[in-house]
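Please look over the sequence and the structure shown here before reading on. The report that follows goes through a few features, one topic at a time.

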Amino acid sequence: MLIDTHAHLQDPAFNRDRKEILERAEAAGLEKIICIGYDYETSAEAVQLARQFPEVYAVVGVHPHDAKTLSTEVLAQLYDLARDPRVVAIGETGLDYYRNLSSPEEQRKAFKEQIKLAHELYKPLVIHDRDAHQEVLDIIKKEKAGKNEGIMHCYSGHLPLAVELMKEGFYISFAGPLTFKNAKKTQEVAARVALERILIETDCPYLTPEPFRGKRNEPALVVHTARKLAELRHKTEEEIAYITSQNARRIYRIKD
Ligand code: NI
């Protein structure tokens, strides 16, 4: 059984066939799907889906792209949403200096506020880091962001950084790019980080793994990332499925 630890199931790309997508996920051996919000609306939708489908759990928060939308009011609304028992973490938050759709200051402010929110609610964090490795690490250390642990989603850094992050209480999650031919650096990291800290995810509808790169992504396709990881770790696919699912249950505190 597999767990997709990061999916944007509420994305409009899935509006026409969300039910079929969940059926295909089940047929592909997925037992759980963690649906991640990126602003208030999509966080509320994630909670809705988690109430509707027993295999779905929600993560609520504001993405660095949308950091400018995190008003005091939205923060209070996230707090209310996060009290639902189906909400298993806060995020995705972090820094994205590749696209800078919100200013760096807005991103840092929203990141720190969501770290505080996670601490108040005793929940782990889901962190997005693009072209901001050092600053993300500095904020994590300074704010003790890993107090209730957390996940570095779609990891793209190098091994020494992953080691630092694990020391801070973070798990390292790999998405579709792990299967890309030009992903040697990420594959090297995946081959070497502690097995008990590895997760897999789709980040669907984005980042579709090979051999479907370029098409819409969906949770069922996490099997391709699992397969690549099995190859890199010299394990069977079953072993990798078991290990990463156990890790996902531990970090998200999923009991059933
Ligand atoms: Ni995402």
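## Strand β4 and the loop after it

E92 lies in strand β4. The model is a predicted one. The peptide bond that joins G91 to E92 is cis, and its omega is about 5°. E92 also serves the nickel ion, as one of the residues that coordinate the metal.

Between β4 and α4 (104–121) runs a loop, and N100 is part of this loop. N100 is not a glycine, yet its phi is positive, at about 45°. With a relative accessible area of 35%, N100 is partly exposed.

## The nickel site

Which residues coordinate the nickel ion? They are H6 and H8, each through NE2, E92 through OE, and D203 through OD, at 2.2 to 2.3 Å. Along the sequence, the spacing of these donor residues is H-x1-H-x83-E-x110-D. Both H6 and H8 are buried.

The arrangement around the nickel ion is irregular, because the four donor atoms subtend angles of 85 to 174°.

## The largest pocket

The largest pocket has a volume of about 840 Å³. Its lining is made up of 30 residues, and those nearest the centre are H128, R130, C154, D203 and L207. D203 is also among the donors of the nickel ion.

Three elements each give at least two residues to the lining of this pocket: β4 (87–96), β5 (125–130) and α7 (184–192). Of the elements, β5 gives the most, with three residues. Sorted by class, the lining of the largest pocket holds eleven nonpolar, nine polar and ten charged residues.

## The cavity

How many cavities of 30 Å³ or more does a search of the whole structure find? The search finds one. The space in the largest cavity is about 40 Å³.

The residues lining the largest cavity are I127, H128, D129, H133, M152, H153, C154, Y155 and S156. Here too β5 has the largest share, with three residues. By class, four of the lining residues are nonpolar, four are polar and one is charged. H128 and C154 appear in the lining of this cavity and are also among the residues nearest the centre of the largest pocket.

## An aromatic pair

For rings with centres within 6.5 Å, the count comes to one aromatic pair. The rings belong to Y155 and F174; their centres are 6.5 Å apart and their planes stand at 85°, so the pair is edge-to-face. Y155 sits in the loop between β6 (150–152) and α6 (159–167), while F174 belongs to strand β7 (residues 170–174), so the pair ties together parts that are 19 residues apart in sequence.

Are these two residues buried or exposed? Y155 counts as buried because its relative accessibility is 6%, and F174 counts as buried at 0%. Y155 is also one of the residues that line the largest cavity.

## Other backbone features

Most residues other than glycine have a negative phi, and most peptide bonds are trans. A cis peptide bond runs from C204 to P205, with omega near 15°. P205 lies in the loop between β8 (198–200) and α8 (222–233).

H234 is located in the loop between α8 and α9 (237–251). Phi of H234, a residue other than glycine, is positive, near 55°. H234 counts as exposed, because its relative accessibility is 74%.

Methods:
Residues numbered from 1 in each chain as written. Predicted model: local features only at pLDDT ≥ 70, side-chain atom pairs only at ≥ 80, totals over all residues. Heavy atoms only, no water. 1 Å grid on protein atoms, 1.4 Å probe; cavity = no way out; pocket = protein on both sides within 12 Å on 5 of 7 lines; lining within 4 Å. Points joined across faces, edges and corners; volume = space filled by probe spheres on them. Helix = DSSP H or I, 4+ residues; strand = E, 2+ residues; numbered from the N terminus. Nonpolar A, V, L, I, M, F, W, Y, C, P; charged D, E, K, R; others polar. Donors = N, O, S within 2.8 Å, 3.2 Å for Na, K, Ca; no water. Tetrahedral: all angles 85-135°; square planar, octahedral: opposite > 155°, others 65-115°. Buried < 20%, exposed > 50% of the residue type's maximum accessible area, 1.4 Å probe, protein only. Phe/Tyr/Trp six-rings, centres within 6.5 Å; stacked < 30°, edge-to-face > 60°.
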